[in-house]
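Biologist: I should like to learn how to read a pocket and its surroundings. Please begin when the model is on view.

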Amino acid sequence: MSAYEKAMRPEDITRLFVERSNAGDAAGVADLYEEDAVLAYPPGSQTVGREAIRELWSKVLAGRPRFSPEEPLPTLISGDIALTSTPPRDGSGARAQVVRRQADGSWLRVLDQPEFVPPGRS
């Protein structure tokens, strides 16, 4: 059982991601994803599965990047699936995630597109 705070609303995931990333907690970031989640990162490729996502974030967070909260756009919810998104502060496009409600009522990421690469620029 995880000791991490759970996202009880889809929008909570973004806040928890920022908190855990800024703390250098790759395992905590990975805990925001379902076991078989797909992360479209690094740009132009995919990282599949919670363990691979943890390994990726471990490398990224080793450089101690700082993340700032981004104001979420309205969440679209249909049953146990939701689409969350945020516009990056630098105005460079959008971020989008598909999240799924878990049996305990919490939400986890299933698909994560943190950066959109315009066609022809991959």
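**Pocket lining and salt bridges**

Modeller: In this predicted model, the lining of the largest pocket divides into seven nonpolar residues, four polar and six charged. Asp, Glu, Lys and Arg count as charged, Ala, Val, Leu, Ile, Met, Phe, Trp, Tyr, Cys and Pro as nonpolar, and the others as polar. Local features need pLDDT of at least 70 and side-chain atom pairs 80 or more, while totals for linings use all residues. Numbering starts from 1 along each chain, and side-chain values use heavy atoms, without hydrogens and water.

Biologist: Which helix supplies the largest share of the lining of the largest pocket?

Modeller: A pocket is an open set of points on a 1 Å grid where a 1.4 Å probe fits, with protein on both sides within 12 Å along at least five of seven lines; lining residues have an atom within 4 Å of a point. Here helix 1 gives the largest share, three residues. Helix 3 (50-61), strand 5 (95-101) and strand 6 (107-113) each supply at least two. Helices (H or I, at least four residues) and strands (E, at least two) are DSSP runs.

Biologist: How many salt bridges does the whole structure hold?

Modeller: A salt bridge sets a side-chain nitrogen of Lys or Arg within 4 Å of a carboxyl oxygen of Asp or Glu. The search finds eleven. Among them, Glu51 and Arg54 meet at 2.5 Å, N to O; both lie in helix 3, three residues apart, about one turn of the helix. Arg101 and Asp80 meet at 2.8 Å, N to O. Arg101 lies in strand 5 and Asp80 in the loop between strand 3 (76-78) and strand 4 (81-86), so this pair ties together parts 21 residues apart in sequence.
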